[in-house]
Amino acid sequence: MAGRSLVEQFDGPIVDVGSGGGAPGIPLACVLPDREVVLLEAERRKCTFLESWAPPNARVVWGRAEEQELDWAGVAVAKALAQPPTAVEWCLPLVRPGGAVILWVGPSAEPDRVALAAARIAGTLEQSPPGFLVVRKTGPTPAGFPRRPGVAKKRPLA
Ligand SMILES: C[S@@+](CC[C@H](N)C(=O)[O-])C[C@H]1O[C@@H](n2cnc3c(N)ncnc32)[C@H](O)[C@@H]1O
């Protein structure tokens, strides 16, 4: 599946942020059965759906990205979560230093804005194949992040 080889470059738990209908977290959990996958979703109704389809190595967490424990995931993935600078702000705090955020993006994504946002949260944009933006976490989440729920969308960092 798309993104599998990118995800495999980083060890540790995988979190799909804003999993919704299960993409890309459920297909990733199926093709990587030895990896722990967390399907993180803010809407309770969608979590009920995810619970009925999650394979054994995936668990569903109902909650917002901004309210989760920091610096634990090896990889955070997200597809259609929000505008890419907001998505990277929500995802990076979950990732431990050395890990990465992998965003599934369309052609309108603006890598320069993502790089600017990432730099504020200990992240650096790496060379990424078409359709993806890969941001590596370079250190612990800085003080002041994550910002309060809703702020990243209202006042993006870039
Ligand atoms: C457009 S859907 C995309 C779902 C799935 N990734 C896909 O590609 O089909 C975005 C999802 O992100 C969830 N979401 C939005 N903000 C979130 C946040 N801060 N934390 C966790 N989930 C969030 C929404 O509830 C929604 O289910």
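Begin with the whole chain of this predicted model. For 158 residues, a compact globule would have a radius of gyration near 15 Å, and the chain, at 14 Å, agrees with that expectation. Along the principal axes, the C-alpha trace spans about 35 × 30 × 30 Å. Of the 158 residues, 49% are buried. Among contacts with a separation of 6 or more, 61% join residues 24 or more positions apart.

Next, colour by secondary structure. The chain contains 6 helices and 7 strands. Read from the N terminus, the order of elements is α-β-α-β-α-β-β-α-β-α-β-β-α.

Then display the molecular surface. The accessible surface of the chain is about 7,600 Å², and carbon and sulfur atoms contribute 53% of that area. Select the charged side chains as two sets: 18 are positive and 16 are negative. The centres of these two sets lie 6 Å apart.

Now select strand β2, residues 37-41, and within this strand V38. Is V38 buried or exposed? V38 has a relative accessible area of 3%, below the 20% limit for a buried residue, and therefore counts as buried. To see what surrounds V38, add I14, V15, D16, R59, V61 and W72; V38 touches each of these residues, when those up to four places away in sequence are left out. For a distance across the model, pick the C-alpha atoms of V38 and P142: the separation is 23 Å, and the two residues are 104 residues apart along the chain.

Move on to helix α5, residues 111-120, and select V114, A117 and A118, which are buried. Why do these three residues lie on the same side of α5? They cover an arc of only 100 degrees around the axis, and this places them on the same side. The helix geometry underlies such a pattern: an α-helix has 3.6 residues a turn, so residues three or four places apart point the same way.

Keep α5 in view and show its packing partners. The buried residues of α5 pack against helix α4 (84-91) and against strands β6 (123-126) and β7 (132-137). Turn to the other side of α5, where D112, L116 and A119 are exposed.

Finally, follow the backbone out of the helix. Which residue takes a positive phi just after α5? Select A122, whose phi is about 60 degrees.

Methods. Residues numbered from 1 in each chain as written. Predicted model: local features only at pLDDT ≥ 70, side-chain atom pairs only at ≥ 80, totals over all residues. Heavy atoms only, no water. Buried < 20%, exposed > 50% of the residue type's maximum accessible area, 1.4 Å probe, protein only. Helix = DSSP H or I, 4+ residues; strand = E, 2+ residues; numbered from the N terminus. Arc of directions from axis to C-beta. Contact = heavy atoms within 4.5 Å. Rg over C-alpha atoms; globule rule 2.2 N^0.38 Å. Areas by Shrake-Rupley, 256 points an atom, 1.4 Å probe, with all protein chains shown as cover. Lys, Arg positive; Asp, Glu negative; His and termini not counted. Charge placed at Lys NZ, Arg CZ, Asp CG, Glu CD.
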